[in-house]
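Hi everyone, thanks for making time this morning. I'd like to walk you through the ligand sites in the structure I'm about to put up.

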Amino acid sequence: MRAISIEQVLCAAAQFDLGGIIVGCNIYGSGHINGTNLITVQTPQGSTKRYILQTINGDVFPNPEQVIENIAKVTEFLHKKGLSGRRVLNIIPTRDGHLRYWDTSGLCFRMYDFIESSVCLDKAESPEVFYQSGFAFGEFQRYLTDFPVDELHETLADFHNTPKRFEDFLSAVEQDRFGRVSMVQKEIDFVHKRMAFCSVLVNAHAQGRLPLRVTHNDTKLNNVMLDEKSRKALCVIDLDTVMPGFSVNDFGDAIRFGANTAAEDERDLSKVSLDMELFEAYTKGFLKGCDGILGNEEIRLLPEGAKMMTLECGMRFLTDYLQGDTYFKTAYEGHNLDRCRAQFRLVECMEEHWRDMKNCVEKYIQK
Ligand code: ADP
Ligand code: GN1
Ligand code: MG
């Protein structure tokens with residue numbers, strides 16, 4: 001993503017209806033895709049108000065207008081379901097009534113109310129916190145269960161189409177544009193051994209065993225805001241990828257990120273493992289939040305979702321490494337490769353714990 005100057009951010013912020021004078025502008029958050037800024041405003045009454053200003057990464061999202069339209073529709077739907085205040089993202093329009101602002105350089109900005117007295121975590125502090133995050137994403141799925149799927153744009157084509165991700169990986173290996181293939185033969189073999197697995201969920205869908213639903217598609221722990229004090233879930237954020245998808249992948253991506261005992265980019269692979277206590281807590285929270293909307297076959301496929309999202313994400317990091325690190329923000333050369341290795345180690349841990357994961361979800365099958 002292009003570097004953005006503070007002047008550019010301030011100029012964009014001034015286009016929105018913020019109800020006061022801008023007194024602060026700081027880079028914020030730890031996401032891999034968008035540019036996020038915290039904007040502080042002083043109101044005429046002397047109080048301060050805070051906002052989140054984001055640039056939509058145009059290198060990733062080919063059509064930012066569609067991203068905004070999806071988010072507007074989904075948040076409006078959630079408002080109608082009775083969510084308000086800190087429980088749902090609130091879009092702030094521009095002074096001329098648009099939900100986004102395009103600056104003269106072609107960057108697309110959007111503004112949200114800042115969710116005050118909240119935290120978002122990169123690591124689950126306790127099983128209870130992880131349960132809360134599972135509950136929030138399960139509830140999100142349940143609230144949207146009667147959302148008209150056809151009204152949503154596919155903001156990123158084939159986002160969690162794992163066989164297609166596999167094809168993309170193969171072509172990155174084939175092209176080897178940066179001469180990196182010889183350094184990652186072990187990782188390439190790792191993916192090849194799991195080629196058949198890549199199609200398991202797509203096949204289950206084709207056989208009518210796994211429905212398409214409105215899903216979040218990026219259910220990392222740091223995409224849910226928790227109340228700062230009570231640590232109860234408040235609001236699901238980062239709605240750019242809300243699209244039709246599989247519930248088990250929403251479950252799975254959360255496990256990939258949150259039930260790992262190490263960070264997503266941990267270099268010491270002996271620290272990477274699957275925390276089964278966290279797995280159980282998330283399963284319980286997610287299914288409680290879903291409150292009966294998932295069928296038994298979906299519940300049985302939750303472990304497949306966890307392994308699929310971990311394998312797919314590792315494959316995506318590896319593909320980006322082979323293609324010169326253009327998709328995910330990276331902090332150093334080889335960052336994507338470290339992320340990939342940590343994901344692949346976690347896949348192995350899931351394979352070792354396969355029976356435990358299956359037994360855990362089996363408890364929730366409705367007889
Ligand atoms: P990315 O796609 O880059 O992950 P996010 O939408 O997740 O972008 O935002 C990045 C970070 O900014 C979040 O992890 C969170 O800390 C913070 N954030 C985003 N929206 C809000 C909000 N409305 N209120 C408070 N913090 C927010
Ligand atoms: C990106 O935007 P962020 O940091 O929440 C990515 C996810 C990956 C994740 C890996 C739009 O999520 O798909 O799983 O990084 N988002 C997009 O950490 O590609
Ligand atoms: Mg995020």
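**Three ligands, one model**

Let me start with a backbone contact: a backbone N or O atom of asparagine 222 lies 3.2 Å from an oxygen atom of ligand 1, and I count a polar contact as a pair of N or O atoms within 3.5 Å. Before going on, please note that this is a predicted model, where local features need pLDDT of at least 70, side-chain atom pairs count only at pLDDT 80 or more, and totals for chains, interfaces and linings use all residues. Residues are numbered from 1 along each chain as its sequence is written, chains are lettered from A and ligands numbered from 1 in the order in which they are written, and side-chain values use heavy atoms, with hydrogens and water left out.

Back to ligand 1. Asparagine 34 also offers a backbone N or O atom, 3.2 Å from a ligand 1 oxygen. Asparagine 223 uses its side chain instead, with a polar atom 3.0 Å from an oxygen of ligand 1. On its own, ligand 1 exposes 550 Å², and the protein buries 95% of that; accessible areas come from the Shrake-Rupley method with a 1.4 Å probe. There are 19 residues around ligand 1, and Gln54, Asp113, Ile115, Asn223 and Asp238 come nearest, where near means a heavy atom within 4 Å.

Two of those names return at the metal. What coordinates the magnesium ion, ligand 3? Asn223, through OD1, and Asp238, through OD, do so at 2.2 Å. Donors here are N, O and S atoms within 2.8 Å of the metal (3.2 Å for Na, K and Ca), and water is not among the atoms, so sites may look incomplete. Asparagine 223 sits in the loop between β8 (213-215) and β9 (224-227), and aspartate 238 in the loop between β10 (233-236) and β11 (243-245), so the pair ties together parts 15 residues apart in sequence. Strands are DSSP E runs of at least two residues, and helices H or I runs of at least four.

Now for ligand 2, which 18 residues surround, with His32, Lys220, Glu264, Arg316 and Tyr327 the closest. Side-chain polar atoms of glutamate 264 and aspartate 218 lie 2.5 Å and 2.9 Å, respectively, from an oxygen atom of ligand 2. For arginine 316, the side-chain N or O atom is 2.8 Å from a ligand 2 oxygen. The protein covers 97% of the 440 Å² of accessible area that ligand 2 has alone. Helix α10 (residues 302-322) gives the largest share of this shell, 3 residues.

Definitions and conventions
A polar contact is a pair of N or O atoms within 3.5 Å; within protein, one must be able to donate a hydrogen and the other to accept it, and residues adjacent in sequence count only if both atoms are side-chain atoms.
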